[in-house]
Amino acid sequence: MSANHDDHHDAPDGHGRALRLGIGGPVGSGKTALTAALCRSLGPSLRLGVVTNDIYTTEDADFLRRAGVIDPERIMAVQTGCCPHTAIRDDIAANIDAVETLEERFGPLDLVIVESGGDNLTATFSRGLADRQIFVLDVSGGDKVPRKGGPGVTSADLLVVNKTDLAPMVGADLTVMSRDAAAVREGKPVLFTSIREDKGAHSVAEWVSGVVESWRHQHSHSHLS
Amino acid sequence: MNGAPGQPPTPGLAGLLLLADSRLPAGGHAHSGGAEEACRVGAISGPEDLARFLRGRLATAGRVAAALAWSACAGAGESTGAAESAWRLLDAEADARIASPAQRLASRTQGRLLVRTAKRIWPSPALATLAREVPDGAHHPIALGVAAQAAGCTPEQAAMAAAYTSVTGAATAAVRLLGLDPVTVHRVLADLPYDSVIAEQHDWSALPAHAAPALDLLAEQHLRTEVRLFVS
């Protein structure tokens, strides 16, 4: 398992490498389902890699492998020693190693998704690991969650509110969630999804495509030489 | 220690503190040094068991790690630096002292991550050479020794960092897994005889080779356990 040892990989500079997209959020909100949906929607047009940060087992990685949405070799699982947020924020070394290993083995890639282990509302990705990040909530956690804020909700590049199909059953008011999210996020985008009904999470996939496209323009490979 | 008034503090101390800090972003937080498996099988269930486990770990893996870190730090600090092939030789010496493939893998993974982190914090010719000569990752104590030299530490300080970090990860893992009182566990850490495992190393062929079969077995079982939170 060898990572790339060229010096340019030690720089935070993004030239000539894939966009690194972090997907974080509380346990059970649908991070793995979203990752699978993005692989399904974007797989045909983008060269992908996925890093999972399972809390206990390789369950998330296994789920993705079984879903058959991406070549199983392109999924790497990272263990986080009881501290999922440490692995994406304070000590990102193992995740960087996994991302670079994927790029070295399968590169050039367009997009590497780093899925965080389920955590709480304070979790957020280090800029040293993720170029862009999505925070995933679900309606069954209660419609007050966006108002409570936290770095994931307020500062993620995209907030996804998943499981909208459950809203009537759990008494969650989507208008309230939308209004509160807009208030704490100061105009940054929010998308409502039901990945159970839309297996490709098409609205999110479209947002990711746009981000990958502009990343490519800003960090084209030709800048490397 | 230079304690006399007006004298500067011992050189290298700041580097030692940074390297030994569990917050150093080099992936160490996800390794338990066999403690997770020991907790799972009931070999560690409280502070007394943990103290015995750590004492054994320090006296075996810790002693070997300290010797390797001393040698690597001294080699990196020689005026011309260790010859390129020398790093592969020292790495082979480390390999020969770790019987379990699972422990060798964990050691190399941690070494690779540490070299990558240290290269950005303390860029040095020796770190660059080590990364080039052992591209899949030098064993952790060797990476630590070379990083320590780059951070301005003495070989003795490098050995102390290796001895200390050989037990702190396992102790923290036990706190997280069993909910042990962290103050009690720090008392256990404070009582360990770190100095006793540190000795000058001048001859690589005479490095100590203390082994702990129980640690080897725990590491092998751990890799095959389905539910695990730590890498090792």
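# A two-chain model in questions and answers

In chain B, 81% of the contacts with a separation of 6 or more are between residues 24 or more positions apart; a contact means that two C-beta atoms, placed from the backbone, lie within 7 Å. This is a predicted model, in which local features need pLDDT of at least 70, side-chain atom pairs count only at pLDDT 80 or more, and totals for chains, interfaces and linings use all residues. Residues are numbered from 1 along each chain as its sequence is written, while chains are lettered from A and ligands numbered from 1 in the order in which they are written.

Biologist: Which part of chain B has the highest confidence?

Modeller: Chain B averages a pLDDT (the predictor's confidence in each residue, from 0 to 100) of 94, and 98% of the residues score at least 70. For the model, ipTM is 0.85 and pTM is 0.88. Within chain B, helix α4 (residues 84-96) is lowest at a mean of 92, and the highest value, 98, belongs to α7(B).

Biologist: How many helices and strands are there in chain B?

Modeller: Helices (H or I, at least four residues) and strands (E, at least two) are DSSP runs, numbered from the N terminus. Along the sequence, chain B reads α-α-α-α-α-α-α-α-α-α. The count for chain B is therefore 10 helices and zero strands.

Biologist: What is the radius of gyration of chain B?

Modeller: Along the principal axes, the C-alpha atoms of chain B fill a box of roughly 50 × 45 × 30 Å. The globule rule (2.2 Å times the number of residues to the power 0.38, with the radius taken over C-alpha atoms) gives 17 Å for 232 residues. Chain B comes close to that value, so it is as compact as a globular protein of that length, with a radius of gyration of 17 Å.

Biologist: What percentage of the residues of chain A count as buried?

Modeller: Chain A has nine helices and seven strands, and its C-alpha atoms fill a box of roughly 55 × 35 × 35 Å along the principal axes. Residues are buried with 20 or more other C-beta atoms within 10 Å of their own, exposed with 12 or fewer and partly exposed in between, with C-beta atoms placed from the backbone. Of the 232 residues of chain B, 53% count as buried. Of the 225 residues of chain A, the share is 49%.

Biologist: Which helix gives the most to the largest nonpolar core?

Modeller: This core, a set of buried Ala, Val, Leu, Ile, Met, Phe, Trp, Tyr and Cys residues joined through C-beta atoms within 7 Å, has 135 residues. B:A69, B:V146 and B:A147 have the most contacts inside it. Leaving out residues up to four places away in sequence, B:V146 touches B:A72, B:C73, B:A76, B:A126, B:L127 and B:L130. With 16 residues, the helix that gives the most is α3 (residues 47-77) of chain B.

Biologist: Which residues of helix α1 of chain B are buried, and why are they on the same side?

Modeller: Helix α1 of chain B spans residues 13-20, and its buried residues are B:G15, B:L16 and B:L19. Their cover includes α7 (140-150) and α8 of chain B. They are on the same side of α1(B) because the directions from the helix axis to their C-beta atoms cover an arc of only 100°.

Biologist: Which helix gives the most to the side of chain B that touches chain A?

Modeller: The contact takes 25 residues from chain B and 21 residues from chain A. On the side of chain B, α5 (101-121) and α8 (155-178) each supply at least two residues. With six residues, the helix that gives the most is α5(B).

Biologist: Is A:C82 buried or exposed?

Modeller: A:C82 is in the loop between β3 (75-77) and α3 of chain A. Though not a glycine, A:C82 has a positive phi of about 70°. With 20 C-beta neighbours inside 10 Å, A:C82 counts as buried.

Biologist: And A:E186, is that residue buried or exposed?

Modeller: A:E186 also has a positive phi, of about 45°, although it is not a glycine. A:E186 sits in the loop between α8 (174-185) and β7 (190-192) of chain A. With 8 C-beta neighbours inside 10 Å, A:E186 counts as exposed.

Biologist: What is the omega of the cis peptide bond that joins A:G107 and A:P108?

Modeller: Most residues other than glycine have a negative phi, and most peptide bonds are trans. A:P108 is in the loop between α4 (93-106) and β4 (111-115) of chain A. The bond joining A:G107 and A:P108 is cis, with an omega of about -5°.
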